[in-house]
Structure formats: C-alpha cells, structure tokens
Amino acid sequence: MHHPFVERPHRGMGVGRRLIEGAIYKARALSCSYMMVGTHPDNSKAQAAYLACGFERRDAVHPRFHFPLDA
C-alpha cells in the first residue's frame, strides 16, 4: 500500500486500525517477514495508530515503524 489514509468524516471510527490489520493479514498471506511503514514527521495521530497496532518505532530521516510478521 502506498499513502493509506482515512477520509476526515470517517476518522476516529476504527477504520484506520482495520486497514492496518488488513495489511498485516495480507503481508502474512504473502509470506512477508516484516512490514515497514513511514509517516510524515508531523502526523502524530498516524504515528500513534501504528504504535497502538504493535509496530516498533525505527526512525530514519522520517518516522518509520517496523512490524515483524513471523511472530
């Protein structure tokens, strides 16, 4: 996925969490060993969402989040 987001009227309803969970499910089905996602440095809500879904922060130039799929 590239640039996933939730339209403003649908935010705060769990849609983003379900998108993240769906991406994790699909990555596992494809036998991926991990997922890496990034956010804009100012997007603290997206950063909090990834952390709440179990991603680990792995900053580079921009915020990055790692999720191991082999667990």
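Is Cys53 buried or exposed? In this predicted model, Cys53 is buried, and its relative accessible area is 15%. Cys32, by contrast, is partly exposed, with a relative accessible area of 34%.

The two cysteines were also examined for bonding. A disulfide is a covalent bond between the sulfur atoms of two cysteines. The search covered the whole structure and returned zero disulfides. Cys32 takes part in no disulfide, and the nearest cysteine sulfur to it, that of Cys53, lies 17 Å away. For Cys53, the closest cysteine sulfur is in Cys32, and the 17 Å between the sulfurs is too far for a bond. The cut-off for such a pair is within 2.5 Å, so the sulfur of Cys53, 17 Å from that of Cys32, does not form a disulfide with it.

The strand pairing centres on strand S3, which spans residues 64–68. Strand S1, made up of residues 34–38, runs antiparallel to S3 and is joined to it by five bridges. Within this pairing, Met36 has His66 of S3 as its bridge partner.

Strand S2, residues 56–57, also pairs with S3 in the antiparallel sense, here over two bridges. Arg57 is bridged to Phe65 in S3. S2 and S3 together form a hairpin, and six residues lie between the two strands. S3 thus has pairings both with S1, through five bridges, and with S2, through two bridges.

Key: Residues are numbered from 1 along each chain as its sequence is written. This is a predicted model: local features need pLDDT of at least 70, side-chain atom pairs count only at pLDDT 80 or more; totals for chains, interfaces and linings use all residues. Side-chain values use heavy atoms; hydrogens and water are left out. Buried means under 20% relative accessible area, exposed over 50%, partly exposed in between (1.4 Å probe, protein chains only). Two strands pair if DSSP finds at least two bridges between them. Helices (H or I, at least four residues) and strands (E, at least two) are DSSP runs, numbered from the N terminus.
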